[in-house]
Every structure is written in structure tokens, then in C-alpha cells.
Amino acid sequence: MKKIGWTITGIGAILALGALLYPLNVIDKTLCIYLLLGGAGLMFAGSMFRAFSLLKR
């Protein structure tokens with residue numbers, strides 16, 4: 001369960017870092033917002049998975 005949480009968090013971090021392409025004019029503003037919010041949401045979900053796995057023990 002911990003590995004799943006870390007994997008989800010890692011994917012979210014990569015998505016959030018993908019929003020850095022906006023200042024380089026590679027992606028548009030709406031995609032930047034989607035990447036930031038989606039990445040933050042996945043990172044939150046991953047941290048909740050990890051917290052739940054600690055409580056489950």
C-alpha cells in the first residue's frame with residue numbers, strides 16, 4: 001500500500017512539474033492549470049494512501 005501511495009505521489013509530482021512548460025510557450029494556460037491541479041490532487045491522494053497504510057497496521 002505504501003508503494004502505491006509513493007507511485008501516485010510521484011506521478012502527481014511529474015504532472016505538476018509538467019506545468020513548467022507554460023513559461024516556455026510549449027503548452028497553453030488551460031493545460032497548465034489542469035496539470036497543476038491534477039498533479040496536486042494526485043499528490044494529495046498519494047499522501048492519503050500512505051497515511052491510511054500507516055493507520056491500517
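Aromatic pairs first. The count in this predicted model comes to 0. What does lie over a ring face here is a charge, that of R50. R50 sits over the face of W6, at 3.9 Å from the ring centre.

Stay with R50 for a moment. The side chain of R50 also makes a polar contact with the side chain of T9, at 2.8 Å. And the backbone oxygen of R50 is reached by the side chain of S53, at 2.7 Å. R50 itself is one of the buried residues of α2. I will come back to T9 and S53.

Now the overall layout. How many helices and strands are there in the protein chain? There are 2 helices and 0 strands. The radius of gyration is 13 Å, well over the 10 Å that the globule rule gives for 57 residues, so the chain is more spread out than a compact globule. Look at the box along the principal axes. The C-alpha atoms fill roughly 45 × 15 × 10 Å.

Burial next. Of the 57 residues, 23% count as buried. Then contact order. Take the contacts between residues at least 6 apart in sequence. Of those, 65% join residues at least 24 apart.

On to the helices, one at a time. α1 runs over residues 2-18. It has 17 residues. From first C-alpha to last, α1 reaches 24 Å, close to the 24 Å expected at 1.5 Å a residue. α2 covers residues 29-56. Why do we say its length agrees with the helix rise? Because 28 residues at 1.5 Å a residue should span 40 Å, and the end C-alpha atoms of α2 are 40 Å apart.

Which residues of each helix are buried? In α1, they are G5, I8, T9, G12 and G18. In α2, they are C32, L35, G39, G46, R50 and S53. A general point helps in reading those two lists. An α-helix has 3.6 residues a turn, so residues three or four places apart point the same way. Where do the buried residues go? Those of α1 pack against α2. Those of α2 pack against α1.

Let me walk along that packing, residue by residue. All the contact lists that follow leave out neighbours up to four places away in sequence.

Start with S53, in helix α2. Its relative accessibility is 9%, so S53 counts as buried; the cut-off is 20%. S53 is in contact with M1 and K2. Its side chain, as I said, reaches the backbone oxygen of R50.

Next, I8, in helix α1. I8 is in contact with L42, A45, G46 and F49. One distance to note: the C-alpha atoms of I8 and M43 are separated by 6.5 Å, although these residues are 35 apart along the chain.

Then T9, also in α1. T9 is buried, with a relative accessible area of 13%. T9 touches L42, M43, G46, S47 and R50. With R50, the link includes that 2.8 Å polar contact between side chains.

Now L35, in helix α2. L35 counts as buried at 16% relative accessibility. L35 touches L15, A16, G18, A19 and I27. How far is L35 from R50? They are 15 residues apart along the chain, and their C-alpha atoms are separated by 22 Å.

For contrast, take I4. I4 is in helix α1. I4 is partly exposed, with a relative accessible area of 44%. Set I4 against L24. The two are 20 residues apart in sequence and 32 Å apart in space, C-alpha to C-alpha.

Last, the connection. N25 is found in the loop between α1 and α2. Is N25 buried or exposed? Exposed, with a relative accessible area of 69%. Its backbone deserves a look on your screens. N25 has a positive phi of about 60 degrees, although N25 is not a glycine.

To recap. Two helices, no strands. Buried residues of α1 packing against α2. Aromatic pairs, 0. And R50, over the face of W6, in a polar contact with T9.

Technical notes:
Residues numbered from 1 in each chain as written. Predicted model: local features only at pLDDT ≥ 70, side-chain atom pairs only at ≥ 80, totals over all residues. Heavy atoms only, no water. Phe/Tyr/Trp six-rings, centres within 6.5 Å; stacked < 30°, edge-to-face > 60°. Lys NZ or Arg CZ within 6 Å of the ring centre and 35° of its normal. Helix = DSSP H or I, 4+ residues; strand = E, 2+ residues; numbered from the N terminus. Expected span 1.5 Å × (residues − 1). Buried < 20%, exposed > 50% of the residue type's maximum accessible area, 1.4 Å probe, protein only. Contact = heavy atoms within 4.5 Å. Polar contact = N/O pair within 3.5 Å; in protein donor to acceptor, adjacent residues only side chain to side chain. Rg over C-alpha atoms; globule rule 2.2 N^0.38 Å.
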